[in-house]
Amino acid sequence: MSLYQKAVDLFQSRVRVHDGPLTSQLVRTPGKFGLGQVPDRVAPDATTAMVCGFCSTGCSLNVHLRDGEASNLTPNFDYPVNLGMACPKGWEALAPLAATDRATEPLLRVGEEMTEVSWEQAAEVFTSRMKAILQTHGPESVAFLSTGQICTEEMAFLGAFAKFGMGLVHGDGNTRQCMATAVRAYKESFGFDAPPFSYADFEQSDVIVLVGSNLCIAHPIMWQRILRNPRSPEIIVVDPRRTETAMQATTHLAISPKSDLILFYGLARLIVERGLVEEDFVAAHTNGFEGFRDHLASFTSEFTERETGIAAEELIRIAELIGSGKRVSFWWTMGVNQGWEATRTAQAIINLALLTGNIGKPGTGANSITGQCNAMGSRLFSNTSNLLGGHEFTNPEHRTKVAKILDIPVESIPDQNSLAYDQILEGVKAGRIKGLWVIATNPAHSWIGRQEFSSVLAELDFLVVQDMYHSTETARLADLVLPAAGWGEKEGTLINSERRFGVVKKVSRAPGRALTDFNIIRLLATTWGCCEMFRRWKTPSDVFQIMKELSAEQPCDFGGIEDFDHIDREGGIQWPLPKGQSPEKERRLFHEGAFYTPDARARFLYESPAADPEPPGGEYPLRLLTGRGSSAQWHTQTRTGKSGVLRNLSPAYNYLEIHPLDALKYGIESGREVKVASLRGSVTVQAFVTPTVPEGAVFMPMHEETTNRLTLNFVDPYSRQPSYKSCAVAVAMVEK
Ligand SMILES: Nc1nc2c(c(=O)[nH]1)N[C@H]1C(S)=C(S)[C@@H](COP(=O)(O)OP(=O)(O)OC[C@H]3O[C@@H](n4cnc5c(=O)[nH]c(N)nc54)[C@H](O)[C@@H]3O)O[C@H]1N2
Ligand SMILES: Nc1nc2c(c(=O)[nH]1)N[C@H]1C(S)=C(S)[C@@H](COP(=O)(O)OP(=O)(O)OC[C@H]3O[C@@H](n4cnc5c(=O)[nH]c(N)nc54)[C@H](O)[C@@H]3O)O[C@H]1N2
Ligand code: SF4
Ligand SMILES: [Mo]
C-alpha cells in the first residue's frame, strides 16, 4: 500500500462528525477549538517586552499599552541582545499592523474577482480542492512554501500538518533563499546546523572579518555591538562594494565580485606556508587537513591577487593578522550564501577558523548571521528540509523517534527529502505539482528570475496564499487568500541568530476576521479531518512543550527551558539547554572542541572553484549585484512600506548604482532614467553614479519588484540556494 493510500486511510478512519458548521464555531466560540486559549492581551495599561519581528538580531522592545491596545514602543534596556537600542524598523514595528490593505476576510477567486467568504467556506474549499488534487495526482502533486517569519510553534504546526496530516512530501521555505548554504555548510563541517556564536563575541574579538555582510544596513544593532568592543578591533570587510559597513571598517577588501573562494584558499595557503596553523587544535579536533593542504597548492599569491584584485602584500598582512594568535571571528551573510559556489565558500571560511583554532573561545568563530526574525526556528522546526527538531527524514531511527513523541503512525512521516524550492517550481512548470500553499513569504517579488515565476504560478490548479496583506504580488495571483494576524497580534517564540529563544506576545487585535497562523492551521487541520492527530496541539504553549520533547538528545536540546515565562524572565534563552541546566546570559558552542560529527571532529571541506554561470561580456557587459538598500526597508516592503516614517527614511525611487567610469563609458547621467536589461527582461530605474560599486559591476536593491525580473535562476549545487548576487546586464540611457 502506498504511503499516500495509508495516509488517506488514516484520515478517513479518524474523521470526526461535527455538529453544525465548524468554522463559524471556531471563530465565534472561544475555547472550543483552542482559539479562546490564545491568552488575553496583557493588562490594559501595562508595558510588556517582546522581541522584534523583523530581523534575526532579535532585539527586545517594550510595548506600551493604553486601554488594552499597543500605543507605542521603546527599546528594552535590560535585554542582553540590544541593550536599549533599536533600528528604525523596530521603532516603527506597530505601524504596519494598522495598514489599510490588511487582509481581513478570506478571499476566494471567482473568475477574475476575489470574493469575501467565511472561514468555514475557505477551509472547506482548501480541503476539498487540495484533497481532489492529491487523490487524482498523488502525494507529490501538492507542495507548501513556508517561511522564517512566523513563530516557531506555528512553523512546527504548519510543517507537521502539511506532511503528516495532509500527507505532502514536498515543502520548502524562504530560508532556502537565505540560509540553505549556511545550513549545508555547517552540517557537513560540524555534523549539525549549529551557528556557534554569541553576540558577545562581537565585543570580545581582536579581529572581526565580515564577509558579504552589510551589518550597518542589515543588522544595525549587531554593528552597535561591534562599536562596544573595548579591544580596538581590526575590522575587515570583504565586499566588492564600499558599503556603509566597509566605510566604517579598518580594512576594506574590495574583492572582485565572486572571487571569495579563491581569496580564502589564498589566505589559507599563506597561513600554512608561514607556519601559522594552530597545529594542536587541527590534530586533536579536525579531519582532512592533509588533503586541504594539498588542495591549496595552486592558490599562490600571484594567482590570488590576479583573481581577487587584492595585492599580494595585503594578502600577507591579512593572513598574518588571522594567524597571529589573536581572537579572530569570521562572520558571513548573503554575499556568501547567495552564490553558485556558496557552500564551498562558507566552508572555506570555516576552514580558516579551524586552521587557526578560532572556534569555541571568546571573540572567535565561523559565524553565519541569519536574516529573518525566525530563520533559525525554521531551520530546526519548519519540517521542510529537516524533520522536526533537526532530524533527518531519511533516517529510520529519527522517524521512529518523532512518530513516538507525536503519537502518530511512523508511516505518516515521509521517508524522503522534499524537493528544494527551485525543484518545486520546476515541478509546477512541468505540471507535476498542481496545488501550492504559500505562507508568510512573497515569492512573486522575491524569488529569483521573477519573470518566469509568475508564468509558472499560472500553471497551478490551486494557489493558496496566507498573508497579513491581500495586496502582495503573490496574494494578487492567489485562488484563495487566508488573512493572517501578524507580529504583535499573536504569541509564540522566535529564535535569533545567536540561537536565543525570544517571546512575542499579543498586544493588538488582528483586524476583521484575520486569524493567527496557528489558528488557521488548526482550523484547516480540523476541517481536513486530522483533529485526532493534533489533539495535543491546542495552543502555541502546548506546541512549545512538544518541540522540547522533539529536541531531546539533539544538539539543539532545549528541554531545560520551562515555558514562555521562563524565556521572558531570563531575557531570552539560547539553545542548547538540556533539562537540569540553568541558562547563562550568553553562551557559544564548541568550547571543548567537540563537534557533532560521529568522531566529534570538524571536517575540512574544499573543491576547485566552479565556472561563473553567466559571466558579464558581449551584449551584457556589467555584473548586477543585488541586496538590501536601507535599514528602513524590509524585503518586499509589504510591512515597511506601510510606515510613513520608514518611507521617509527610504529612497524615493528605484535606482541603479553605477561606477563613474562605467557611467562615462555607457553615457549614463546620474539622476536620469536608465534601462537595465538582462537575458530575462528589462526594467527602467534611475541612475545613481557612485564609486561605491566597483567598475564593471552595478547594484540594485531587492526591495522593488523589478530587480528579480533581471536575476538569473541559478542555484548552488549543494544548498540549492539561488545565486541572487550575480548576473550579466546591459545599461543604457532611456531616450526622452
Ligand atoms: N534593513 C534590512 N535589514 C535586513 C533585511 C532587509 O530586507 N532590510 N533582511 C534580513 C535578511 S532576511 C537577511 S538574509 C540579511 C541580509 O544581510 P546582508 O547579507 O548583509 O545583506 P545584502 O545586502 O543582501 O548582502 C550583503 C553584501 O554582500 C555583498 N556581495 C555581493 N556579492 C558579493 C561577493 O561576491 N562577495 C562578497 N564578499 N560580498 C558580496 C553585497 O555588496 C552586499 O553589500 O539582512 C536582514 N536584515
Ligand atoms: N534580488 C534579490 N532577491 C532576494 C534577495 C537578495 O538579496 N536579492 N534576498 C533573498 C532573501 S535573503 C530573503 S530572506 C527573501 C525574502 O523574501 P520574502 O520572504 O518573499 O519577503 P518578505 O517581504 O519578508 O515576505 C514576507 C511575507 O509574509 C507576510 N507576513 C509577515 N508577517 C506575517 C505573519 O505573521 N503571518 C503571515 N501569514 N504572513 C506574514 C508579509 O506581508 C510578506 O508578504 O528575499 C530573497 N530575495
Ligand atoms: S535590528 Fe532587527 S531586531 Fe533589532 S529593531 Fe531592527 S529590525 Fe528589529
Ligand atoms: Mo534572508
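**Core and ligand shell of a predicted model**

Me: Which residues have the most contacts inside the largest nonpolar core?
Reply: In this predicted model, the largest nonpolar core (buried Ala, Val, Leu, Ile, Met, Phe, Trp, Tyr and Cys residues joined through side-chain atoms within 4.5 Å, buried being under 20% relative accessible area with a 1.4 Å probe and protein chains only) has 125 residues. Those with the most contacts inside this core are Phe 126, Phe 161, Trp 332, Leu 406, Trp 437, Trp 537 and Trp 575.

Me: Why does this core lie between domain 1 and domain 2?
Reply: Domain bounds here come from an automatic or database domain assignment. The core lies between the two because residues are given to it by both domain 1 (1–178 + 377–595) and domain 2 (180–368).

Me: Which residues come nearest to ligand 1?
Reply: The residues around ligand 1, those with a heavy atom within 4 Å of it, number 32. Of these, the nearest are Ala 218, Asp 239, Asp 260, Met 334 and Gln 633.

Me: How far is an oxygen atom of ligand 1 from an N or O atom in the side chain of Asp 239?
Reply: Polar contacts with the ligand are pairs of N or O atoms within 3.5 Å. For Arg 241, a polar side-chain atom lies 2.9 Å from a ligand 1 oxygen, while for Arg 628 a backbone N or O atom lies 2.8 Å from one. For the side chain of Asp 239, the distance is 2.7 Å.

Residues are numbered from 1 along each chain as its sequence is written, and chains are lettered from A and ligands numbered from 1 in the order in which they are written. Local features need pLDDT of at least 70, side-chain atom pairs count only at pLDDT 80 or more, and totals for chains, interfaces and linings use all residues, while side-chain values use heavy atoms, with hydrogens and water left out.

Key: Polar contact = N/O pair within 3.5 Å; in protein donor to acceptor, adjacent residues only side chain to side chain. Buried < 20%, exposed > 50% of the residue type's maximum accessible area, 1.4 Å probe, protein only.
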